[in-house]
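Let's take a walk through a protein model, looking at how its parts are put together. Have the structure open beside you as you read.

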Amino acid sequence: MKGIVLTITVAVLLTSMIAPVMADPHASKTISFTISNGEERAIRLILGHTREPTLALAPGIHDGAHHVQIIIRDARTNLPINAAKLQLDRYYFKDLSAYESGDLSRATMQTGLPVERVFGIPGEYTVRQILTAPGIYGYRVYGTVTYFDGTTVNIDERKFCSPEGMSSTQGPYDTPGWGGGYGCADAVRDLHWPPMPAGVPGRASFDLLSDNLYTLLFGVIVTGSVAMIRLIRRK
Amino acid sequence: MQPGAVLPIYDASPNFVSGHLLLRAPCEPVEGEGDDTYRPLVTVIAGHIDEHEHNTYVDKVPLYYIRHASSGDSCLWHAHIPDPLNGGAPRVTDLTLINLTDQPVEFNGGDIVVFNVFNVLGTIGNYYAQQDMMQLPTDIEHGNPVYNLNDEDDSNDGLGFIE
């Protein structure tokens, strides 16, 4: 028994040691303001997704839960700032050509979403979401942050994810001054290696609207019918 | 504690932390504040003392004088570490008492220093070098800034946290 426990412990330790550590990129921006005694202070607004790499929903394979993660900290001390009243607009472009059109009205968008504090994690805020499709996502965060002395800091910032090869660049809809970036949503199949041949059943799972769902439904109906006929014959 | 003597209290390197400091120590009136505000005879400094002096930055800790818990020659102070409103080093890995006077300081029975750590806020890395901030313990003069919320002088209240 001791041997089993030891083996499991060693296995867990080895697994944790060799497990790949995924990058956790976020965009950040420093916002300066004047506090009540006339001195300059700054906060750091950090924006990204709760998990990287960001992958779109693939039923049965990946849940697509990549919540918006907003972290607000004092720039100099890195102390978390817990007093913020924020809202969020979110945008989605299906592909790069639509994104590069420079026309934000072409995006699928939702506005006025409430930003909630994350329980038990000071300075962290979120909007929960499940990303249902690969593509280019962006967020506008706006509202007020209250600094330690009660100074109100107005926030109105927008930052899109970084399409492949465009990390840390100023996007057409981003407010200026951002550094870094966060990942856009890829399809799970983009990570497959070697690539799965076309027509392999697994492909059905990559798209909610796939024809293969109908194939699956057809299969269930046929199997059910055969079972029903056998039951009737037995009686 | 002899002139120039140093008593390290805490070292969290390579992490910088937030916390609360309590100091009870021999005290003297703050000049210009009458006799109702007192500062310690030793100086409390905080910041980061690195192997490289160019990544070393320490500063005097802003203290809040607690008159109603002080007695005789032994006074009590509180401090927020770090204090984003009243100054001091913004990122603290090290806390130290240092005698920057030219006289020995004799402590009283019951004098104490306590540092209660709240959170690790990050890894210090080369933060001070990157910010081009360098200040060594030898660059500092005696006397912490001291605030007093319990006298009639509003100019020494400092900035308080609003919850």
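Two strands count as paired if DSSP finds at least two bridges between them. Keep that cut-off in mind for the sheet in chain A, and keep in mind too that this is a predicted model.

**A sheet in chain A**

Strands of a sheet pair through backbone hydrogen bonds, and they can do so either parallel or antiparallel. In chain A, an open sheet is built from 6 strands in the order E6-E7-E3-E2-E1-E10, and the pairing is antiparallel. Which strands stand at the edges of this sheet? They are E6 (116–117) and E10 of chain A, each with a single partner strand, so each has one side without a neighbour in the sheet.

Now go to one of those edges. E6(A) runs antiparallel to strand E7 (residues 124–127) of chain A, and 2 bridges join them, so the pair meets the cut-off of at least two. If you'd like a spot to look at, find Arg117(A), which stands opposite Tyr125(A) in E7(A).

**Where the chains meet**

The size of an interface is often given as the accessible area lost when the parts come together. For chain A and chain B, that comes to about 1200 Å², with 58% of it on carbon and sulfur atoms. A trio in chain A does a good share of this: Arg76(A), Thr77(A) and Phe148(A) supply 43% of the area that chain A buries against chain B, more than any other three residues.

How many residues does each chain bring to the contact? Chain A brings 17 residues and chain B brings 14 residues. On the side of chain A that touches chain B, the residues divide into 6 nonpolar, 5 polar and 6 charged. Even so, the count of salt bridges across the interface is 0. Polar contacts are another story, with 6 residue pairs between chain A and chain B.

**Salt bridges**

Side chains of opposite charge can pair when their charged atoms come close. Over all chains, the count comes to 7 salt bridges. Here are some of them, with the distance from N to O:

| Acidic partner | Basic partner | Distance |
|---|---|---|
| Glu157(A) | Lys29(A) | 2.8 Å |
| Asp174(A) | Lys159(A) | 3.1 Å |
| Glu28(B) | Arg39(B) | 2.8 Å |

Start with the salt bridge between Glu157(A) and Lys29(A). Glu157(A) sits in strand E9 (residues 152–160) of chain A and Lys29(A) in strand E1 (residues 27–34) of chain A, so the pair ties together parts that are 128 residues apart in sequence. Are these two buried or exposed? Glu157(A) is buried, at 10% relative accessible area, and Lys29(A) is buried too, at 12%.

Next comes the salt bridge of Asp174(A) with Lys159(A). Asp174(A) is in the loop between E9 and strand E10 (179–180) of chain A, while Lys159(A) is in strand E9 of chain A, so this pair links parts that are 15 residues apart in sequence. Asp174(A) counts as buried at 8% relative accessibility, and Lys159(A) is buried at 3%.

Over in chain B, look for Glu28(B) and Arg39(B), whose closest N and O atoms are 2.8 Å apart. Glu28(B) lies in strand E2 (residues 15–29) and Arg39(B) in strand E3 (residues 38–40) of chain B, so they tie together parts 11 residues apart in sequence. Arg39(B) is buried, with a relative accessible area of 17%.

There is also a small network to find: Asp89(A), Arg140(A) and Asp156(A) are joined by salt bridges that share partners.

**Some backbone oddities**

Most residues other than glycine have a negative phi, and most peptide bonds are trans. Asn78(A) isn't a glycine, yet it has a positive phi of about 70 degrees. You'll find Asn78(A) in the loop between strand E3 (68–74) and strand E4 (84–93) of chain A, where it is buried at 11% relative accessible area.

Asp132(B) also has a positive phi, near 55 degrees. Its place is the loop between helix H1 (127–130) and strand E10 (146–147) of chain B, and Asp132(B) is exposed, with a relative accessible area of 72%.

Where does chain B have cis peptide bonds? One runs from Ser13(B) to Pro14(B), with omega near 10 degrees, and Pro14(B) lies in the loop between strand E1 (6–11) and E2 of chain B. Another joins Ile81(B) and Pro82(B), with omega about -10 degrees, and Pro82(B) is in the loop between strand E7 (74–81) and strand E8 (94–98) of chain B.

Technical notes:
Residues numbered from 1 in each chain as written. Chains lettered and ligands numbered in written order. Predicted model: local features only at pLDDT ≥ 70, side-chain atom pairs only at ≥ 80, totals over all residues. Heavy atoms only, no water. Contact = heavy atoms within 4.5 Å. Buried area = accessible area lost by both parts, 1.4 Å probe. Salt bridge = Lys/Arg side-chain N within 4 Å of Asp/Glu carboxyl O. Polar contact = N/O pair within 3.5 Å; in protein donor to acceptor, adjacent residues only side chain to side chain. Nonpolar A, V, L, I, M, F, W, Y, C, P; charged D, E, K, R; others polar. Helix = DSSP H or I, 4+ residues; strand = E, 2+ residues; numbered from the N terminus. Buried < 20%, exposed > 50% of the residue type's maximum accessible area, 1.4 Å probe, protein only.
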